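User: Please go through this model with me and explain, for each label you use, what it rests on.

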Amino acid sequence: MLCMPKGLAFKTQADPREPQFHAFIITREDGSRTFGFALTFYEEVTSKQICSAMQTLYHMHNAEYDVLHAPPADGRDQSSMEDGEDTPVTKLQRFNSYDISRDTLYVSKCICLITPMSFMKACRSVLEQLHQAVTSPQPPPLPLESYIYNVLYEVPLPPPGRSLKFSGVYGSIICQRPSTNELPLFDFPVKEVFELLGVENVFQLFTCALLEFQILLYSQHYQRLMTVAETITALMFPFQWQHVYVPILPASLLHFLDAPVPYLMGLHSNGLDDRSKLELPQEANLCFVDIDNHFIELPEDLPQFPNKLEFVQEVSEILMAFGIPPEGNLHCSESASKLKRLRASELVSDKRNGNIAGSPLHSYELLKENETIARLQALVKRTGVSLEKLEVREDPSSNKDLKVQCDEEELKIYQLNIQIREVFANRFTQMFADYEVFVIQPSQDKESWFTNREQMQNFDKASFLSDQPEPYLPFLSRFLETQMFASFIDNKIMCHDDDDKDPVLRVFDSRVDKIRLLNVRTPTLRTSMYQKCTTVDEAEKAIELRLAKIDHTAIHPHLLDMKIGQGKYEPGFFPKLQSDVLSTGPASNKKYIQEARTMGSTIRQPKLSNLSPSVIAQTNWKFVEGLLKECRNKTKRMLVEKMGREAVELGHGEVNITGVEENTLIASLCDLLERIWSHGLQVKQGKSALWSHLLHYQDNRQRKLTSGSLSTSGTLLDSERRKSDASSLMPPLRISLIQDMRHIQNIGEIKTDVGKARAWVRLSMEKKLLSRHLKQLLSDHELTKKLYKRYAFLRCDDEKEQFLYHLLSFNAVDYFCFTNVFTTILIPYHILIVPSKKLGGSMFTANPWICISGELGETQILQIPRNVLEMTFECQNLGKLTTVQIGHDNSGLYAKWLVEYVMVRNEITGHTYKFPCGRWLGKGMDDGSLERILVGELLTSQPEVDERPCRTPPLQQSPSVIRRLVTISPNNKPKLNTGQIQESIGEAVNGIVKHFHKPEKERGSLTLLLCGECGLVSALEQAFQHGFKSPRLFKNVFIWDFLEKAQTYYETLEQNEVVPEENWHTRARNFCRFVTAINNTPRNIGKDGKFQMLVCLGARDHLLHHWIALLADCPITAHMYEDVALIKDHTLVNSLIRVLQTLQEFNITLETSLVKGIDI
């Protein structure tokens, strides 16, 4: 199955029949790996029976072809035909007839060598020499059995750090093995991968592999599939691919592509079908690599690898030193030959003609030839780094005194391999230099830790990420969630002692220790400065030493104890070997064989043998169980992260996450949903299985609606309204899966199906409808049956129910994952203004206007038609709403308006905000304001735990204390005592301090903390109103009146130049400047509005505590306040000043709506 993945092949003398070599890998159930190396060649078919059967087959095939294609559509001369493959009618081709009298028929044959380690070059050499012995006119010196016996029983594995020489049929073969402190053995040519794909594509593929996307390699050469797969996994050192790994997928195992798990697989193309003809079950998270055509198709949202630009450049320099153009050789042979010419003249450093070794080469010389480097250079220049000289390594094969025992080409492959691998390993060593600090060692013994492994947190991700440079976060936050990273940390915990350490981990840890010795900087202080690899020369020297001085030579092949006549064979035909001679080896070699058995790392793999229907069913069942478990773990992790510190204090999980990580978690939930929807899929349109299902559902509903067959219960379900805050007059949005799909379809910025599916998931999560929508989608059983095979996850009822139940738990937390991501889209907003019914709102004659602000922006001033209290408008996403400015132009006879509150709703997400007012707008009313700034709060809809009606009456929310009662005079507010006032100021300041201690991405609205119901403005207003002398009858006095009198007092003092001290003088001047500026503003914000503005500006410029001290000493205070007033009590004033001083360390940025028209 792996030696000939497509079965037997027949050819005629007209076809190319060169021997083809390829490697493959076998993974046993315990995870240990074995490597296989196969050489496929063609031998003449001597059986007349087979030849005549083949002729009959050809005639039948061509007759069928002629019937289907009356004029021949494809006149290509194509005569290879593979046995045992279904040939669908559409793929038939016309073959030249095979004529038994004229043509010679050949059949494929294969010799294969199985080894515990990947000595690819040595094994290839053994097989090629054996094949040569059969095809050469002269027979070899010894029977073939002697050479095979020698390889099987007399050639040991070289010990770590040593090299071994043994004899093939015609020449000696060398294999060498790295020592325990070098990078692990890797024998495939990295050069070939960079030539086939180019640096850029290799990096993209590498990133996909690290983030555990599904990867499908596609090529008509088996060896290319294997080389690319092995190279990418080797470059991941110290991490190991943990999922399905089948670099060559046999034709009989194509159903493996249906697996809803990350995989790295290689698919053989026949060289005729292009990518568009390839039907793949899931493509949303797929990285598709067409190796032969230098082409890679990436999943969406692929983050960039940290320091990618410098990393690519470092690798490109090495490649160019070996004459390989960074964009690959396939499509740029011209540039490659130019580069080789350039290298010959510029880079070679032989001691004869006086070239200086390794002299840096001016970059423009290379740039003229090389577009990739030119693009890099342009990018790097923009970042301000100088790249005048491009360092190119000296030609590694020259200037050496060592005489190595392999040819120059082979030595170059070894050198390039180790240089590239060292550079990649160095990246991880730098990025994870301080990873040990963040490993959480378990408190219990290893056994119990291992059994509870799933529940344990073993790495402090939040702290690790908080130390990383900002540009690294998108990649790292996703990488830390992968299975390979989790396994790496598990390994670290399991092998805490040096003796039982995993060899890969030991090498990595020793490198990390070296780096930390070299870097005197604090190990936890990360820097994004790129540090180049310095270990290349040392690693290269070790290999060259092994190749120059061979440590062991194996026993030479010798005659075996064979009967006379055995071991003879017909030239041109590989003989049937004597099994009795080869079945038992010498007794002394058991040790080597034992070591060979124990090689290989333990990584879980699917079993490739025994593929009976029951085994396939069982495998699928495992997939279903795995998906459910993953869903359970993901939902739990996301909830714990979202609930944040309270959860941590209760002993769940780790400290709070940043916005980057929340995005990562939601993206991985979208990936999981795509994998679930791809499992067992049989009908799909587009690349996203989930969106495809949604589109089918939408079509079905449309058809049923037009035909009028939609049942009433269905309509009810679709148009059910969500229960919302009882006090609102705004009817809630109806719940509709189809409507939410239409919202996504109307967003022009989202171009792909995968993008649409993700946006829909984000919107459903924000609306707390994900579980409900998916339940509704899956309630169309006819559709699910049509789209999915019987074994699919979505058709396993119990698992599906549990899955929906897990998703229901997201309703416990608020996500803004749609609003915060799609920041540029247009969103319709619905406004409702509720005036007071009691006090003549209907007689209002002026022209009102409104302006709405949110975290992402604000609207223009929107004129509201007179007597219209409800309207909808569209504008760019404002984010979470914070303030509403409302006012009027004071026209007409009755320009007085008493507004109770304003409500605004986002018509896509359904978020509704309430902005309480309760004050007059009009000259001569209240504080004479014509406009007010209202601060809003998001109304929470009641979470739906179940759709069934509940008989228990709902719990009423406690009524909130409305800050501004509808008053005629501000003095009939509830009076607070000094203790309560101090407490409310303390709480308001504490709220602001907490706000700044949260990670930036999690902070709520600062405006709410300053101007909201329990904000700083409200608390200070209470302080200034305490002990304010009662005004005379029918005359209102406001705090602003007091502040204006204080200002006048200080200005006259300054004119008379009676100033106590310099410091005091500055404070007084500042105070007067701010009050004057606010009084001169063109806005009609009223006296309370002016007070609010002054407090906000004072908080922004850290002046509040100075002003309080100033006003406490002002003689005006003595006139306007009673003796018991808070502002006359020095002890209370001093404690108030100390509280306000804590705001000095924070950089407070005010929303534009609060300071519009002021320019200080």
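Analyst: Of the 1160 residues in the chain of this predicted model, 53% count as buried.

User: Why is Gln885 called buried?

Analyst: A residue is buried when its relative accessible area is under 20%, and Gln885, with a relative accessibility of 2%, therefore counts as buried. The residue belongs to strand 21, which covers residues 881–888. Leaving aside residues up to four places away in sequence, Gln885 touches ten residues that include Trp849, Ile850, Arg932, Ile933 and Lys1156.

User: Why are strand 20 and strand 25 said to stand at the edges?

Analyst: The five strands of this open sheet follow the order 20-16-22-23-25 and pair in the antiparallel sense. Strand 20 (870–876) and strand 25 (937–938) each have a single partner strand, so one side of each lacks a neighbour in the sheet.

User: What makes strand 16 and strand 20 a pair?

Analyst: Two strands pair if there are at least two bridges between them, and strand 16 (residues 826–835) is joined to strand 20 by seven bridges in the antiparallel sense. Among the bridge partners, Leu832 is matched with Glu870 in strand 20.

User: How many aromatic pairs are there, and why is the one between Phe432 and Phe485 called tilted?

Analyst: The count comes to 47 aromatic pairs. The rings of Phe432 and Phe485 are 5.8 Å apart, centre to centre, with 35 degrees between the planes; since rings pair within 6.5 Å, and planes under 30 degrees apart count as stacked and over 60 as edge-to-face, a value between these limits is called tilted. Phe432 lies in the loop between helix 11 (408–431) and helix 12 (446–451), whereas Phe485 is in helix 15 (residues 483–494), so the pair ties together parts that are 53 residues apart in sequence. At 0% relative accessibility Phe432 counts as buried, and Phe485 counts as buried at 1%.

User: What makes the pair of Phe793 and Phe803 edge-to-face?

Analyst: The planes of Phe793 and Phe803 are 90 degrees apart, with 5.8 Å centre to centre, and an angle over 60 degrees counts as edge-to-face. Phe793 is buried, with a relative accessible area of 0%, and Phe803 likewise counts as buried at 0% relative accessibility.

User: How do you know that the charged end of Lys880 sits over the ring of Phe816?

Analyst: The charged end of Lys880 is 4.2 Å from the centre of the Phe816 ring, and the rule asks for a distance within 6 Å as well as a position within 35 degrees of the ring normal. Lys914 lies over the face of Tyr901, at 4.4 Å from the ring centre.

Terms used
Residues numbered from 1 in each chain as written. Predicted model: local features only at pLDDT ≥ 70, side-chain atom pairs only at ≥ 80, totals over all residues. Heavy atoms only, no water. Helix = DSSP H or I, 4+ residues; strand = E, 2+ residues; numbered from the N terminus. Buried < 20%, exposed > 50% of the residue type's maximum accessible area, 1.4 Å probe, protein only. Contact = heavy atoms within 4.5 Å. Phe/Tyr/Trp six-rings, centres within 6.5 Å; stacked < 30°, edge-to-face > 60°.
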